[in-house]
Amino acid sequence: MTQPAPSAQHNGPDKGTLTGPSDTPPPKSGGGMPALGLRLDVRILSLLGVLAALIVVGGITEPDAFLDTGNLQLILTQASVIGVVTVGMTFVIISGGIDLSVGAMVALASVWATTLATQEYGFAGIAFTAVIVGLAAGLVNGVLIAYGGMVPFIATLAMLASARGLALQITDGKTQIVTVDSVLDLGLPDSYILGIPPLVIMFAVVTVVGWLILNRTTFGRRTVAVGGNAEAARLAGIDVRRQRLYLYLLSGLCCGIAAFMLIVLAGSGQNTNGNLYELDAIAAAIIGGTLLSGGRGTIVGSVLGVLIFTTITNIFALNNLQSDVQQIAKGAIIVAAVLVQRRTMRGRET
């Protein structure tokens, strides 16, 4: 008797089933849109609705400042740096892991790439160093977690402390000014392409590549499978340890790219770069629909989460509201997103 082909979709709470990035269960008899696929669309539409509401609020409270082209470009540019980090974080969380060191890796890569010795090699030297340092830090995380058996929380927490300390040692607490004109020029309006800053284009490219990897490649399917049930993935022939190593390498790569973007944006490297990026990236992924327990997540949702948080920050700044109120608002959004996730998961189990 012919066996049915294995499904690449997420079949709900049954952890013994390999999962796929679309997290859509088989449709009910009689056709129609799959239930979870509908919920996924509703989630994305809800995030778009929240973003649209924030734009309306910003337009009402500070119409001249918020809707100014320069301010909108600023929002997208600021979202680009943390957005690239969030793409890498989304992959890690989908696999059931966590990376608390992304902010520190951004700081370390940015200061290492802006030393006087590195800047002597110009644009290519700075970009190459930033990426290589990010990859090296990600490699250390991956080896400790995948082959050293360390819990991701502990391993990346150790990297957070070590990378911050090394960044401070390199800079001696001083800001390293970039003197390479070709790097600084990327942040100037003259380099904009059709009014779009180059950093935003870089973010868009990373987002598209991340989406394709997660949704259209074996690597993406294996990532979701490992997050859904690592033992089932191992029994299905997936090298779970190697997959986890690759995922932390991917996170490190994204941090290296973000470090270079931050260098362009700030025109300097300093050990305080990337402060609290890990919290912002995790929060953006969560409100975008990525489960902290692993097995499900979307790049589009994470990107929308980044845009929502960046827009909130911009609105608060334009209205001269205190940062503590801003943090409370972000915290409330995170709690609401987690509650919605729990309700969705309970609905799938019934």
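Trainee: What covers the buried residues of helix 10?

Mentor: In this predicted model, the cover includes helix 3 (69–94), helix 9 (198–216), helix 11 (230–235) and helix 12. The buried residues of helix 10, which spans residues 218–228, are Gly220, Thr223, Val224, Ala225, Val226, Gly227 and Gly228.

Trainee: What makes Asn271 count as buried?

Mentor: Its relative accessibility is 17%, and buried means under 20%, so Asn271 falls on the buried side. Asn271 sits in the loop between strand 2 (268–269) and helix 13 (277–287).

Trainee: Which residues is Asn271 in contact with, leaving aside neighbours within four places in sequence?

Mentor: Asn271 contacts Ala107, Val111, Arg164, Ala167, Leu168, Thr171 and Gly173.

Trainee: Let's take a loop residue from elsewhere. Why is Glu120 called exposed?

Mentor: Glu120 has a relative accessibility of 67%, and the exposed class is over 50%, so Glu120 belongs there. Glu120 is found in the loop between helix 5 (116–119) and helix 6 (122–147). Along the chain, Glu120 and Val180 are 60 residues apart, while 8.5 Å separates their C-alpha atoms.

Trainee: How do you know that Glu231 forms a salt bridge with Arg234?

Mentor: The closest N and O atoms of the two are 2.5 Å apart. The cut-off is 4 Å between a side-chain nitrogen of Lys or Arg and a carboxyl oxygen of Asp or Glu, so the Glu231 and Arg234 pair qualifies. Both residues lie in helix 11, 3 residues apart, which is about one turn of the helix. A search of the whole structure finds 1 salt bridge.

Trainee: Are the two partners of that bridge buried or exposed, or in between?

Mentor: In between. Glu231 stands at 42% relative accessibility and Arg234 at 46%. Partly exposed is the class between under 20% and over 50%, so Glu231 and Arg234 are both partly exposed.

Trainee: What makes Asp172 stand out in its backbone?

Mentor: Its phi is near 55 degrees, a positive value in a residue other than glycine. Most residues other than glycine have a negative phi. Asp172 is in the loop between helix 7 (152–171) and strand 1 (176–177). With a relative accessible area of 59%, set against the limit of over 50%, Asp172 is therefore exposed.

Trainee: What is the phi of Leu276, and where is Leu276 found?

Mentor: Leu276 has a positive phi of about 65 degrees, although it is not a glycine. Leu276 belongs to the loop between strand 2 and helix 13. Its relative accessible area of 42% is neither under 20% nor over 50%, so Leu276 is partly exposed.

Trainee: Which residues have the most contacts inside the largest nonpolar core?

Mentor: Those are Val84, Val85, Val106, Ile126 and Val183, in a core of 73 residues. Helix 12 (residues 240–266) contributes 12 residues, the largest share of this core. Another core lies apart from it, with 5 residues, among them Ala225, Ala233, Ile238 and Val240.

Trainee: What does Val106 touch, not counting residues up to four places away in sequence?

Mentor: Val106 touches Val85, Cys255, Ala258, Ala259, Leu262, Gly274 and Tyr277.

Trainee: On the surface, which residues make the nonpolar patch of about 550 Å²?

Mentor: Ile193, Leu194, Ile196, Ile201, Val205 and Val209 make it. Val205 lies in helix 9.

Trainee: How do you know that Val205 can be part of a patch?

Mentor: Patch residues need over 30% relative accessible area. Val205 has 47% and is partly exposed, so Val205 passes that limit.

Trainee: What about the chain overall: how many helices and strands does the protein chain have?

Mentor: There are 15 helices and 2 strands. Of the 350 residues, 49% count as buried. Among contacts with a separation of 6 or more, 75% come from residues 24 or more positions apart. The chain exposes about 16,300 Å², and carbon and sulfur atoms supply 66% of that area.

Trainee: Where does pLDDT stay under 50?

Mentor: Over residues 1–36, for which the model has 62 contacts beyond four places in sequence. The chain averages a pLDDT of 87, and 85% of the residues score at least 70.

Conventions. Residues numbered from 1 in each chain as written. Predicted model: local features only at pLDDT ≥ 70, side-chain atom pairs only at ≥ 80, totals over all residues. Heavy atoms only, no water. Core = buried A, V, L, I, M, F, W, Y, C linked by side-chain atoms within 4.5 Å. Buried < 20%, exposed > 50% of the residue type's maximum accessible area, 1.4 Å probe, protein only. Helix = DSSP H or I, 4+ residues; strand = E, 2+ residues; numbered from the N terminus. Contact = heavy atoms within 4.5 Å. Patch = residues over 30% accessible without salt bridge, like charges linked within 9 Å, V, L, I, M, F, W, Y side chains within 5 Å. Areas by Shrake-Rupley, 256 points an atom, 1.4 Å probe, with all protein chains shown as cover. pLDDT = per-residue confidence, 0-100.
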